[in-house]
Amino acid sequence: MTTKKVLFLCGSPRRKGSASLYTAKYLARFLDYDYEFVDVAKAKLSTDPSETEPPFLRILERMQTADATVWTFGAWVLFVPVQMQYLLDKLFAHGHDFSGKIAAAVMTSVHAHDDFILDRMRFVSEQLGFGYIGDVSAEGNPFFGYTEDEEVTEDSCRILAGQLNRTLADGYVPARHYPPVERKYLTSTYRGPGFSMDEPPVTKTNDKTILIVTGNRLSEDSANASVIESIRRYSRNSVEVIELQDRHIGPCVGCYLCDFNVDGICVRKDEYEAIKRHLHQVDGIVFVGTCSSGMVDCHLKAFLDRCWGIYHRPSLKGKYGFVIATGGGPLEAEAARYLRVVLTMTGTRCIAALTQSAADAHDFATTVRRVVEDLDRALDEKWQIADRFEIRGVTRTFRDLVAATGMMLRADYRFYKEHRMFDTPSPGGVNALMRLLFKSKKMEKWLIAMQQARIAKAREERLTAYLQRCRLGEGEEIPC
Ligand SMILES: Cc1cc2nc3c(=O)[nH]c(=O)nc-3n(C[C@H](O)[C@H](O)[C@H](O)COP(=O)(O)O)c2cc1C
């Protein structure tokens, strides 16, 4: 047996309950090389990209000694869980390069933007120097691991394991898909430039409130500080700012209680619920993000992860806003697109997604002013804007999920019913039955256990049928 090694970096904070870990463990059984699982979320890495604390160094050492790294994670608001982004931020900040090595991804999700997320993982992997061999996108459920299309998921796992085996055997490194981007744009320490404003401030009427949510402390981010100064100056309405870096917002732990509790309240005791309430009170919402690790800064990302309960039932309908991505040069377009989709998923009408770098400073300053004026108009005139494909897709994905799982997503169910969002019939009498069963905790437990047993039995039968033709891998798990 060769000494080559495959490393599964697990980013889900859901530990042993993680659907992606469960899926990766299935895949690992077909590897011909030894493999290990490292829990990145458990390492509790700091948000400071320059800090090289011992848990980070231990993960780094494992990445350096592994021949292939498999990013293993649940989709977490159109990217990885922020706990995994802390790792990416550090890898980029310290200029680490894994050229000659292979990366792949195993992701579970509800298939809302799974293609976008996996494409970002390919991008990030290639910027770190890896050759990207492929990925598995499986539907994951907090109780049952991977679900739906189970046969397809298992086949995809075996195919990816086979590709990893062959790649490690002959040393093949796949060609890049993305050209390298200057490292500074990927690091969270790089910030865009500030800009000046020529026009005088407008007279305030203060009849509405615009809330700006930004990740980085403004005293350390000139671009974002200028954007915010511009909004304050050119909006007739009153403007409030939340600098998340200075607020106490921990990462989402993936307990799903915001979905299952009827009131949708997050169980974490920090400032999130107060900010969420405030989002519901204001009229306009603006997200200002700084690019980092191919997405937005980890302070904003941690907050957006926590808003998961809002995306399910877009309760910020009737509000208007816009988004801006700064500090990422050519990466701002994707980051702005990301922020636009996320803001729209809350129900807020996003009137613009701006990027700073491609414009000259004067044009950018003018554009920000015009968009601020438009936001005031949109709020006054209640602009009607049709949902586009991305948002329709996500809304329907969630709605169908709710319809198919009945009371399992209790809070969603109530919201969707009250807002008459079930415009297609739900499957037969299943929902009525589900709601009945899920009225009792005892029944709920019984139902989950029964489903788990059914899934496990079906999986074992499929595996037995597969083993009549093929074999398991020869690799073994290396204990941590
Ligand atoms: C905070 C949060 C954000 C999520 N974001 C997405 C998403 O953007 N797209 C998606 O399809 N599923 C999303 N999901 C669903 C999870 O990705 C899915 O349940 C996955 O199987 C969880 O994997 P894990 O158990 O390994 O964490 C999200 C779940 C949570 C809790």
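Here are a few questions and answers on how some features of this predicted model get their labels.

Q: What makes strand β12 mostly covered?
A: A residue is called buried when 20 or more other C-beta atoms lie within 10 Å of its own. In β12 (residues 349–355), five of the seven residues are buried, so the strand earns the description "mostly covered".

Q: How do you know that β11 and β12 pair?
A: Pairing requires at least two bridges between the strands. β11 (residues 320–326) and β12 share five bridges, in the parallel sense, so they count as a pair. Tyrosine 320 stands opposite arginine 349 in β12.

Q: Why are Val106, Val136, Cys157, Leu160 and Ala161 called contacts of leucine 27?
A: Two residues are in contact if their C-beta atoms lie within 7 Å. These five are in contact with leucine 27 once its neighbours within four places in sequence are left aside, so each of the five C-beta atoms is within 7 Å of that of leucine 27. In the largest nonpolar core, which has 132 residues, Leu27 is among those touching the most other members, along with Val70, Val323 and Leu339.

Q: What makes a residue part of the shell around the ligand, and which come nearest?
A: The C-beta atom must lie within 6 Å of the ligand. There are 25 residues around the ligand, and Ser12, Ser20, Gly74, Ser109 and Gly140 come nearest. Helix α1 (19–28) gives the most, with three residues.

Q: Which classes make up that shell?
A: The shell has 12 nonpolar, 10 polar and three charged residues, and glycine counts as polar.

Methods:
Residues are numbered from 1 along each chain as its sequence is written. This is a predicted model: local features need pLDDT of at least 70, side-chain atom pairs count only at pLDDT 80 or more; totals for chains, interfaces and linings use all residues. A nonpolar core is a set of buried Ala, Val, Leu, Ile, Met, Phe, Trp, Tyr and Cys residues joined through C-beta atoms within 7 Å. A residue is buried if 20 or more other C-beta atoms lie within 10 Å of its own, exposed if 12 or fewer, and partly exposed in between; C-beta atoms are placed from the backbone. Helices (H or I, at least four residues) and strands (E, at least two) are DSSP runs, numbered from the N terminus.
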